[in-house]
Amino acid sequence: VIHQEIYQIWIDLPQNKRYIDPRVELLGDEENDTPTVVDMSGTRTHVIAGEYDGVSASVDTVSDLAIFRVEIEKPHGTWTHKPPSLHSTIIVYVRTGSVIVGDGDDAHRVPPHCTAYLSTDGEYLSIRSEDRGADFLVMAGKPLDQEVFAKGSMVAETSEELERAFRDYRKGEMGVPWSESNSDEEWRRHLRESK
């Protein structure tokens with residue numbers, strides 16, 4: 001039995017870049033290796049976007065953001081990050097294990113399969129695993145300060161843009177569909193052929 005999990009993350013773009021050509025990037029292959037930072041205290045940080053501890057991701061982003069997959073390998077292990085001062089939006093999604101976010105009176109427990117929306121008080125983000133290790137996503141970025149209209153899976157800045165997005169989708173202008181049963185090589189070939 002092969003067990004596989006995938007994160008699908010949709011990222012809002014600055015209004016002046018909303019209509020750039022869509023793209024999909026597979027990580028973890030020869031073309032787009034995911035940089036990993038391993039520290040001696042038993043944490044592993046996969047740098048999906050942005051920069052962590054001087055290591056930059058292979059993915060080029062349109063706006064100022066960071067996405068990390070963090071593994072704390074042992075109980076009561078601690079992961080820290082000093083986010084850029086402009087990253088005033090920080091979200092943590094806990095996949096496995098439970099974590100404590102923050103220290104002292106400001107500490108909050110986040111159980112598995114839950115999301116925490118964090119304030120940006122302080123210079124460092126500190127996350128500690130509880131009785132076993134933990135696996136979580138950290139997503140942070142500079143706010144775009146844009147009004148948002150949403151309908152179904154579409155997000156836009158005005159109701160007119162929202163209708164345009166639905167028209168573009170119906171015309172097949174938002175990427176090429178694929179089969180979730182494709183092998184990695186079939187998926188890569190599909191992406192190359194659809195560019």
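The following dialogue examines how certain terms apply to this predicted model.

Visitor: What rules apply to the numbering and to this predicted model?

Guide: Residues are numbered from 1 along each chain as its sequence is written, and side-chain values use heavy atoms, with hydrogens and water left out. The model is predicted, and local features need pLDDT of at least 70, side-chain atom pairs count only at pLDDT 80 or more, while totals for chains, interfaces and linings use all residues.

Visitor: What makes Tyr-52 and Trp-79 a stacked aromatic pair?

Guide: Rings of Phe, Tyr and Trp (its six-membered ring) pair if their centres lie within 6.5 Å; planes under 30 degrees apart count as stacked, over 60 as edge-to-face and the rest as tilted. Tyr-52 and Trp-79 are 5.5 Å apart centre to centre, with 20° between the planes, so the pair is stacked by that definition. Tyr-52 belongs to strand E3 (residues 51-52) and Trp-79 to strand E6 (residues 78-81), 27 residues apart. Strands (E, at least two residues) and helices (H or I, at least four) are DSSP runs, numbered from the N terminus.

Visitor: Why is the pair of Trp-79 and Phe-136 called edge-to-face?

Guide: The ring centres of Trp-79 and Phe-136 are 6.0 Å apart and the planes stand at 75°, so the pair meets the edge-to-face rule. Because Trp-79 lies in strand E6 and Phe-136 in strand E12 (residues 134-141), this pair ties together parts 57 residues apart in sequence. Tyr-52, Phe-68, Trp-79 and Phe-136 form one aromatic cluster, and the whole structure has four aromatic pairs.

Visitor: How do you know whether Trp-79 and Phe-136 are buried or exposed?

Guide: Buried means under 20% relative accessible area, exposed over 50%, and partly exposed in between (1.4 Å probe, protein chains only). Trp-79 has 1% relative accessibility and therefore counts as buried. Phe-136, with a relative accessible area of 0%, is likewise buried.

Visitor: Why is the contact of Arg-69 and Asp-135 called a salt bridge?

Guide: A salt bridge is a side-chain nitrogen of Lys or Arg within 4 Å of a carboxyl oxygen of Asp or Glu. For Arg-69 and Asp-135 the N to O distance is 2.6 Å, so the contact satisfies that definition. The pair links strand E5 with strand E12, 66 residues apart. Asp-135 counts as buried because its relative accessibility is 4%, whereas Arg-69, at 23%, counts as partly exposed.

Visitor: How do you know that Arg-44 and Glu-71 form a salt bridge?

Guide: Their N to O distance is 3.8 Å, so this pair too falls under the salt-bridge rule. Arg-44 lies in strand E2 and Glu-71 in strand E5 (residues 65-72), so parts 27 residues apart in sequence are tied together. The count comes to eight salt bridges. Another of them joins Glu-130 and Arg-109, whose closest N and O atoms are 2.8 Å apart. Salt bridges that share partners join Arg-44, Arg-69, Glu-71, Glu-73, Arg-95 and Asp-135 into one network.

Visitor: What makes E1 and E2 paired strands?

Guide: Two strands pair if DSSP finds at least two bridges between them. E1 and strand E2 (residues 43-49) have four bridges in the antiparallel sense, so they qualify as a pair. Val-38 stands opposite Arg-44 in E2. In their hairpin, which has three residues between the strands, Gly-42 takes a positive phi near 90°.

Visitor: Why is Lys-151 said to lie over the face of Phe-166?

Guide: A charge sits over a ring if NZ of Lys or CZ of Arg is within 6 Å of the ring centre and within 35 degrees of the ring normal. Lys-151 is 5.4 Å from the ring centre of Phe-166 and lies over its face.
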